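User: I am new to this structure and would like a close look at a single part, namely one of its helices and the way that helix packs. Please set it beside other helices where that helps.

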Amino acid sequence: MSGSHQGLAMTLFLVFVAVALAIATWAGRERQGSPEEFYAGGRLFSPLENGFAIAGDYMSAASFLGISGLIALYGYDGMLYSVGFLVAWLVVLFLVAELVRNCGRFTLADVLVARLRERPVRIAAGISSITVSVLYLVAQMVGAGSLVALLLGGTGERARGWTVIAVGALMVVYVTLGGMRATTWIQIVKAVLLMGGTIALTVLVLLRFHGDVSALLTTAADRSGHGRDFLAPGLKYGHDLTSRLDFISLGLALVLGTAGLPHILARFYTVPTARAARRSVVWAIALIGGFYLMTIVLGFGAAAVLGSDAVRAASPAGNTAVPLLALDLGGGAGSTGGTILFAVVAAVAFATILAVVAGVTLASSASVAHDLHATLSRRGSAGRRARAGHAPRGEVTVARVAAAGTGVVAIGLGLLAQNLNVAFLVGLAFAVAASANLPVLLYSLFWQRFTTRGAVWSVYGGLIPAVLLVVVSPVVSGSPDAIFPGLDFRLFPLENPGLVSVPLGFLAGWLGTVTSPEPADGAGYAEAEVRSLTGAGAA
């Protein structure tokens with residue numbers, strides 16, 4: 001793009017950054033000294049507002065950039081992400097949303113300690129939540145790097161690296177200034193922008209093919225280089241047994257992982273009642289469902305309009321397919337219309353990234369301050385105080401410091417993983433969440449015999465295998481697209497560990513419970529069950 005067009009695009013970027021900073025500053029002027037204000041925004045949001053915020057939190061760079069890119073490269077197989085991300089919300093709606101709102105206060109660990117010993121459970125849940133959050137943040141950093149490097153007219157590692165650092169710094173500023181109140185409003189604004197931009201692009205793609213979806217798919221198949229195979233399963237996941245198992249592993253992680261994501265669980269605490277939490281999820285499903293249907297059109301549209309080879313040439317992982325599609329739909333490179341549309345879409349994608357990283361960073365800092373720091377610094381009957389709702393006043397300060405630390409770690413890992421697809425990276429975060437967080441959450445809510453040992457074993461029994469299997473998988477070494485392509489210490493053939501680590505998480509929780517020397521707290525379970533179902537005593 002020309003210098004004037006780059007200037008236009010950067011201006012749109014800076015406008016959104018300025019608006020987001022203004023929101024954070026405005027929210028920061030409100031009372032943010034209490035944990036309830038900082039972590040949950042005072043629980044004052046309506047179901048509609050929270051539904052838009054949940055959608056804004058969930059529709060990440062992986063969705064907007066990564067999924068469309070995967071569909072543009074692999075056709076039918078790329079749609080697994082769209083389907084998996086959407087179907088996962090049925091688990092959230094029917095099993096998690098209301099019960100978590102009634103039992104917890106700020107984090108996943110709050111739900112667990114309603115009936116289990118606090119110290120070991122909070123430490124385990126806190127470590128797991130931080131791990132999931134950091135993995136999720138890395139995906140957003142990679143998306144930001146690819147996007148801004150393309151916007152600036154180059155794909156060099158230096159431009160991408162500085163973008164990752166800038167996004168990390170901005171997310172820390174947003175969280176420390178405004179807490180959950182600022183994060184929520186940034187997510188609402190982002191959801192509106194993202195839905196508007198996606199609708200506009202979808203309409204333009206369909207208009208290009210005169211509303212004929214069959215012509216769109218046929219052209220996409222012709223320009224993909226794979227012919228009719230592009231529209232059939234197996235292009236990415238069907239050529240051998242390993243790829244088929246990877247397909248099952250990824251699907252398992254996507255469908256079960258959402259209910260274990262810390263930043264999604266945290267959103268249920270921002271509304272006043274469990275009924276409001278359920279209505280929030282209904283609103284979110286409506287928005288998210290429409291969005292993922294449109295990503296399918298955009299993915300096949302990118303293949304049809306640009307060609308899979310052009311998408312791969314710009315970004316081997318396909319992360320820039322949607323911005324390039326916008327450039328072509330607006331009139332092509334060098335045209336004013338094309339550049340304006342490209343800049344608008346890129347700014348919306350950047351807004352998506354900033355909003356998501358703010359929400360994930362807040363959830364991570366809450367786990368550090370509320371679960372780890374507060375637990376390790378307390379003595380005596382900590383579990384009773386936790387149930388009573390007491391929290392140290394300095395906890396919010398610790399959370400702000402933790403946000404900065406989380407940003408540094410995410411920046412470092414984001415610089416290492418720049419060549420990986422953002423949807424794929426989010427799939428890894430989902431696998432860890434499904435392995436470590438979901439089993440312990442479901443056991444705690446629904447199994448009367450569940451014990452503290454079972455909870456700790458469940459978390460570590462899912463978390464440690466998931467992380468270790470990723471480290472010894474083709475994602476890290478032994479393949480051209482790995483983080484360390486020059487090394488080869490692969491021991492695990494699958495790219496996503498969910499097929500192994502999710503069952504291990506459930507198995508470890510069961511084994512820890514049946515071998516536990518301590519009896520289950522029947523009275524604690526009965527109290528937690530009444531509270532989860534009725535909301536009696538809920539925060």
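Analyst: The bend at a residue is the angle between two fitted axes, one for the seven residues ending there and one for the seven starting there. With that in mind, and remembering throughout that this is a predicted model, we can begin with helix 5, which covers residues 79–103 and holds a kink of about 50° centred on Val96. Helix 5 has 25 residues and spans 35 Å from its first C-alpha to its last, close to the 36 Å expected at 1.5 Å a residue. Most of helix 5 is covered, since 18 of its 25 residues are buried.

The part to look at closely is helix 15, which runs over residues 336–376 and has 41 residues. From its first C-alpha to its last, helix 15 reaches 58 Å, which is close to the 60 Å expected at 1.5 Å a residue. Helix 15 is also mostly covered, with 34 of its 41 residues buried.

How does helix 15 pack with helix 17? In general, two packed helices are described by the angle between their axes and the distance between the axes. For helix 15 and helix 17, the latter made of residues 395–416, the angle is about 125° and the axes lie 8 Å apart. Angles from 35 to 65 degrees or from 115 to 145 degrees count as oblique, and helix 15 and helix 17 are therefore oblique to each other. The crossing of helix 15 past helix 17 is right-handed. On the side of helix 15, the contact is made by Thr361, Ser364, Ser365, Val368, Ala369, His370, His373 and Ala374, while helix 17 contributes Glu395, Val398, Ala399, Ala402, Ala403 and Thr406.

One residue of this contact can be followed further: Ser365, which is found in helix 15. Buried means a relative accessible area under 20%, and Ser365, at 0%, is therefore buried. When its neighbours within four places in sequence are left aside, Ser365 is in contact with Val175, Ala399, Ala402 and Ala403.

Another pair of helices can be read in the same manner. Helix 12 (residues 274–305) and helix 14 (residues 321–329) have axes that come within 9 Å and cross at roughly 60°, and the two are therefore oblique to each other. Helix 12 passes helix 14 in a left-handed crossing, whereas the crossing of helix 15 and helix 17 is right-handed. Here Leu298, Gly301, Ala302 and Val305 of helix 12 meet Ala321, Leu325 and Asp328 of helix 14.

How values were computed: Residues are numbered from 1 along each chain as its sequence is written. This is a predicted model: local features need pLDDT of at least 70, side-chain atom pairs count only at pLDDT 80 or more; totals for chains, interfaces and linings use all residues. Side-chain values use heavy atoms; hydrogens and water are left out. Helices (H or I, at least four residues) and strands (E, at least two) are DSSP runs, numbered from the N terminus. The expected span of a helix is 1.5 Å times one less than its number of residues. Buried means under 20% relative accessible area, exposed over 50%, partly exposed in between (1.4 Å probe, protein chains only). Axes are lines fitted to C-alpha atoms, for helices over the stretch in contact, and angles run from 0 to 180 degrees between N-to-C directions. A crossing is left-handed if the near helix is turned anticlockwise from the far one by less than a right angle, and right-handed if clockwise. Contact means heavy atoms within 4.5 Å.
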